[in-house]
Amino acid sequence: MTVPKNPGQFDQFVRLRDYQSNHSIGLPTRGVVVSPKVARILHVQVGDQIKIRVPNQKKVQVRIAKVVTNYAGNVIYASPSAYQRAFGHAPNFASVLVKTDHQPSARLTKRWMSDNDKILGISLMADQAEMIQKMTKQLGPIVMIFIGLSAILSFVVLYNLNNINITERLYELSTIKVLGFYNREVTLYVARESIILAIIGILAGFGLGNLLTGYVIRQAETNNVIFPLTIKPFAYLVAVLLMVIFNLIVVYITHRKLQKIDMVAALKSND
């Protein structure tokens, strides 16, 4: 739980943004502000009550005023006035937020602790950022595997659909070829359905893809770190281009296969 001594200077160290609107907010005079992971673990939202216990104090109920964007750590923020209303006394400040021009070395932080016995520990934001970056880098190969498997699956499904379509409609396709349709017209006759289905799949995939990505990201979260659902427009463009390329490849294969249809044998079949 973080309670700043001077709320007016708090935004110089921690910028609070609403989790839904991403707008900057200040610490409320009533209620507390929590990080998204706290809200998820406790299954609460803005307006709900939660119980808080600080060391050597009894539990008190406080209202959640805001849920703020915070991807690392489970944090509760409160203003001094909100803390005093909840616990009945002013907070005891035990930590100091410090900005440095350069990243302190491990040797320097140890010297600070040895020179001042009141310092119990030093936590560097750069170390936390480095830990999160390592976690996100580990997700990179997993994401590439998902993309590769999805691309292969899409191609296989498209190819099988066209292959089944030709096999089941062999008599019909042979008939229209006998009636004088050119090879390109016969190919378009078959491929038109695949193209329409691909367009519907692309449009539906924009929404369903977001849901699936959100589910995968939710499963990859830990108790202290969450990952935001951020999909750039370039990712949508790549997905559309892959589907277009796969469709063109399948249409080409279909065109070559339709040229080899034995019309006489197909029309002589018992069907």
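This is a short talk on the fold, the sheet, one pocket and a few single residues of the chain shown above.

Hi everyone, thanks for making time. Please keep in mind throughout that this is a predicted model. So let me begin with confidence. The chain has an average pLDDT of 81, and 95% of the residues reach at least 70. Where is confidence lowest, and where is it highest? The low end is helix α9, residues 263-267, with a mean of 57, and the high end is strand β1 at 91. As a general reminder, predicted coordinates should not be read in detail where pLDDT is low.

Now the overall layout. There are nine helices and four strands in the chain. If you walk along the sequence, the order is α-β-α-β-β-β-α-α-α-α-α-α-α. For the overall dimensions, the C-alpha trace spans about 95 × 45 × 30 Å along its principal axes. The radius of gyration is 31 Å, whereas a compact globule of 271 residues would come out near 18 Å. Buried residues account for 26% of the 271 residues.

Let's move to the sheet. Its four strands are ordered β2-β3-β1-β4, the sheet is open, and the pairing is mixed. Which strands stand at the edges? They are β2, residues 49-52, and β4, residues 76-77; each has a single partner strand, so one side of each is left without a neighbour in the sheet.

Take the pairings in turn. Strand β3 covers residues 60-67 and runs antiparallel to β2, with four bridges joining the two. One residue pair to click on is Gln49, whose bridge partner in β3 is Arg63. Strand β1, residues 32-34, pairs with β3 in the parallel sense over three bridges. There, Val34 sits opposite Val67 of β3.

Let me stay with β2 for a moment. In a regular strand, side chains alternate between the two faces of the sheet. You can follow that along β2: Ile50 and Ile52 point to one face and are buried, while Gln49 and Lys51 point to the other face and are not buried.

Val34 has another contact to show you. Asn70 is 36 residues away from Val34 in sequence, yet their C-alpha atoms are 8.7 Å apart. Asn70 belongs to the loop between β3 and β4. Is Asn70 buried or exposed? With a relative accessible area of 15%, Asn70 is buried, because the cut-off for that class is under 20%.

Two other loop residues have backbone angles you may want to check. Asn22 is not a glycine, but its phi is positive, about 65°. You will find Asn22 in the loop between α1, residues 7-10, and β1. Its relative accessibility is 44%, and Asn22 therefore counts as partly exposed. The second is His43, also with a positive phi in a residue other than glycine, near 55°. His43 is in the loop between α2, residues 36-42, and β2. At a relative accessible area of 71%, His43 is exposed.

On to the helical part, starting with Lys110. This residue is in helix α4, residues 106-115. Lys110 is exposed, with a relative accessible area of 62%. Its C-alpha atom is 8.8 Å from that of Ile122, which is 12 residues away along the chain.

Finally, a pocket. The second largest pocket has a volume of about 1800 Å³. Which residues lie closest to its centre? Of the 45 that line this pocket, those are Ile147, Ser150, Gly209, Thr213 and Ala239. Three elements give two or more residues to the lining: α5 (125-168), α7 (183-220) and α8 (233-259). How does the lining divide by residue type? It has 31 nonpolar residues, 12 polar ones and two charged ones.

To wrap up, we have gone through an open sheet of four strands with mixed pairing, and a pocket of about 1800 Å³ lined in part by α5, α7 and α8. Thanks for listening, and I'm happy to chat afterwards.

Methods
Residues numbered from 1 in each chain as written. Predicted model: local features only at pLDDT ≥ 70, side-chain atom pairs only at ≥ 80, totals over all residues. Heavy atoms only, no water. Pairing = 2+ DSSP bridges. 1 Å grid on protein atoms, 1.4 Å probe; cavity = no way out; pocket = protein on both sides within 12 Å on 5 of 7 lines; lining within 4 Å. Points joined across faces, edges and corners; volume = space filled by probe spheres on them. Nonpolar A, V, L, I, M, F, W, Y, C, P; charged D, E, K, R; others polar. pLDDT = per-residue confidence, 0-100. Buried < 20%, exposed > 50% of the residue type's maximum accessible area, 1.4 Å probe, protein only. Rg over C-alpha atoms; globule rule 2.2 N^0.38 Å.
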